[in-house]
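Here is a friendly walk through one protein model, strand by strand and charge by charge. Keep the structure open beside the text and turn it as you read.

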Amino acid sequence: MIDVKGLTKKYGKLVANDNISLQLRAGELGVLLGPNGAGKSTLIKSICGLLRFSGSITVDGHVNRSLEAKRVLGYAPEIPVPYPMLTVAEHMEFIARAYRMDENWRTRAEALMARFELNDKANKLGKELSKGMKQKVSICCAMLPDPKVIIFDEPLSGLDPHGIRQLQRAIEEMREQGKSVLVSTHMIDTVEASWDVTFIMKKGQMVRECRRAEQAETLEDIYFSLFEERELTENT
């Protein structure tokens with residue numbers, strides 16, 4: 001569903017992504033790991049068509065910048081920036097109209113807002129929301145069009161325990177429906193029980209790809225052993 005080949009993204013002389021390739025299949029939960037500055041958000045923004053790059057990216061077989069790709073892709077950014085003068089309900093309507101959803105979108109929007117405890121915040125303006133509430137609005141907006149592919153960039157930041165549990169359950173449901181989900185996170189324990197493939201980045205490069213079926217170690221052990229080994233090598 002997501003196919004990245006030879007992605008390179010530079011900011012002047014800085015190489016943020018260096019010849020990255022990855023594939024996320026239908027019905028898989030992919031996890032993107034790496035320390036701050038590894039290039040994870042740049043990779044995600046490139047996949048979503050927000051940045052120019054060299055290489056190729058397709059989403060559900062469509063070039064990522066095409067309308068066909070954008071129709072099947074949902075994205076919740078690391079830092080949610082709701083429109084300050086739109087209410088929570090108006091954010092839902094804006095997304096529904098942008099994706100040209102049928103009138104049943106209201107039922108889906110109400111269910112999402114109830115799930116993430118936003119139903120009593122429907123008339124609050126974006127500028128009035130707390131950090132956690134902004135995150136929940138961003139997640140609901142990404143999920144509303146029922147996309148085939150959905151990307152969450154550090155989605156757990158600012159969420160309360162209820163929000164974290166509901167997002168984990170929603171991701172499980174999407175996998176069961178055959179959707180592809182890519183999550184960038186530092187909270188390894190929250191995806192430990194459910195990941196299918198993990199992509200580990202450092203300094204703009206993909207340093208390891210792990211498929212769950214081929215691993216006996218926990219994801220946490222894989223991650224920390226990899227970086228401890230590299231740090232020892234670099235310091236000797």
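## The open sheet

Strand E1 (residues 2–11) and strand E4 (residues 54–59) run antiparallel and are joined by five bridges. To find this pairing in the viewer, start at Asp 3, whose bridge partner in E4 is Thr 58. Please bear in mind that this is a predicted model.

E1 and E4 belong to an open sheet of four strands, in the order E2-E1-E4-E5, with antiparallel pairing. Which strands stand at the edges? They are strand E2 (14–24) and strand E5 (62–63); each has a single partner strand, so one side of each is left without a neighbour in the sheet.

## Strand E3 and its two partners

Now turn to strand E3 (residues 29–33), which runs parallel to E9 and is joined to it by four bridges. E3 also pairs with E8 in the parallel sense, again over four bridges. Gly 30 is a handy landmark for both pairings: its bridge partner in E9 is Val 197, and in E8 it stands opposite Leu 182. Further along, Leu 33 stands opposite Ile 200 in E9.

Are the residues of E3 buried or exposed? Five of its five residues are buried. One side carries Leu 29, Val 31 and Leu 33, the other Gly 30 and Leu 32, and both faces are covered.

## Strand E9 and the hairpin

E9 is mostly covered as well, with six of its six residues buried. Val 197, Phe 199 and Met 201 lie on one side, while Thr 198, Ile 200 and Lys 202 lie on the other. Both of these faces are covered, and the lysine is buried along with the rest.

Besides its parallel pairing with E3, E9 pairs with strand E10 (residues 205–211) in the antiparallel sense, over six bridges. Ile 200 has Arg 208 as its bridge partner in E10. How many residues separate the two strands of this hairpin? There are two residues between E9 and E10, and Lys 203 in the turn has a positive phi of about 50 degrees.

## A buried leucine in helix H7

Follow the chain on to helix H7 (residues 219–234), where you will find Leu 226. This leucine has a relative accessible area of 9%, which means that it counts as buried. Leu 226 and Val 207 are 19 residues apart in sequence, and their C-alpha atoms are 8.9 Å apart in space.

## Salt bridges

Side chains of opposite charge can pair when their charged atoms come close. The structure holds 15 salt bridges. One of them lies within helix H3 (residues 88–98): Glu 93 and Arg 97 both belong to this helix and sit four residues apart, about one turn. Their side chains meet at 2.9 Å, N to O. Glu 93 counts as partly exposed at 24% relative accessibility, whereas Arg 97 is exposed, at 59%.

Another salt bridge joins Glu 173 to Arg 115, with the closest N and O atoms 3.0 Å apart. This pair links distant parts of the chain, 58 residues apart: Glu 173 is in helix H6 (residues 161–176) and Arg 115 in helix H4 (residues 105–115). Glu 173 is partly exposed, with a relative accessible area of 34%, and Arg 115 is partly exposed, at 22%.

H6 also holds Arg 175, which is linked to Asp 196 in the loop between E8 and E9, 21 residues apart. The closest N and O atoms of this salt bridge are 2.9 Å apart. Are these two charged residues buried or exposed? Arg 175 counts as buried at 18% relative accessibility, and Asp 196 counts as buried at 19%. Elsewhere, Arg 25, Glu 28, Glu 209 and Arg 211 are joined into one network by salt bridges that share partners.

## A negative patch on the surface

Which residues gather in a patch of negative charge on the surface? They are Asp 189, Glu 217, Glu 220 and Asp 221. Asp 189 lies in the loop between strand E8 (180–184) and strand E9 (197–202), and it is exposed, with a relative accessible area of 58%.

Technical notes:
Residues are numbered from 1 along each chain as its sequence is written. This is a predicted model: local features need pLDDT of at least 70, side-chain atom pairs count only at pLDDT 80 or more; totals for chains, interfaces and linings use all residues. Side-chain values use heavy atoms; hydrogens and water are left out. Patches are made of residues with over 30% relative accessible area and no salt bridge: like charges are joined within 9 Å, nonpolar side chains (Val, Leu, Ile, Met, Phe, Trp, Tyr) within 5 Å. Accessible areas come from the Shrake-Rupley method with a 1.4 Å probe; for residues, only the protein chains shown count as cover. A salt bridge is a side-chain nitrogen of Lys or Arg within 4 Å of a carboxyl oxygen of Asp or Glu. Lys and Arg count as positive and Asp and Glu as negative; His and the chain ends are not counted. The place of a charge is taken as NZ of Lys, CZ of Arg, CG of Asp or CD of Glu. Buried means under 20% relative accessible area, exposed over 50%, partly exposed in between (1.4 Å probe, protein chains only). Two strands pair if DSSP finds at least two bridges between them.
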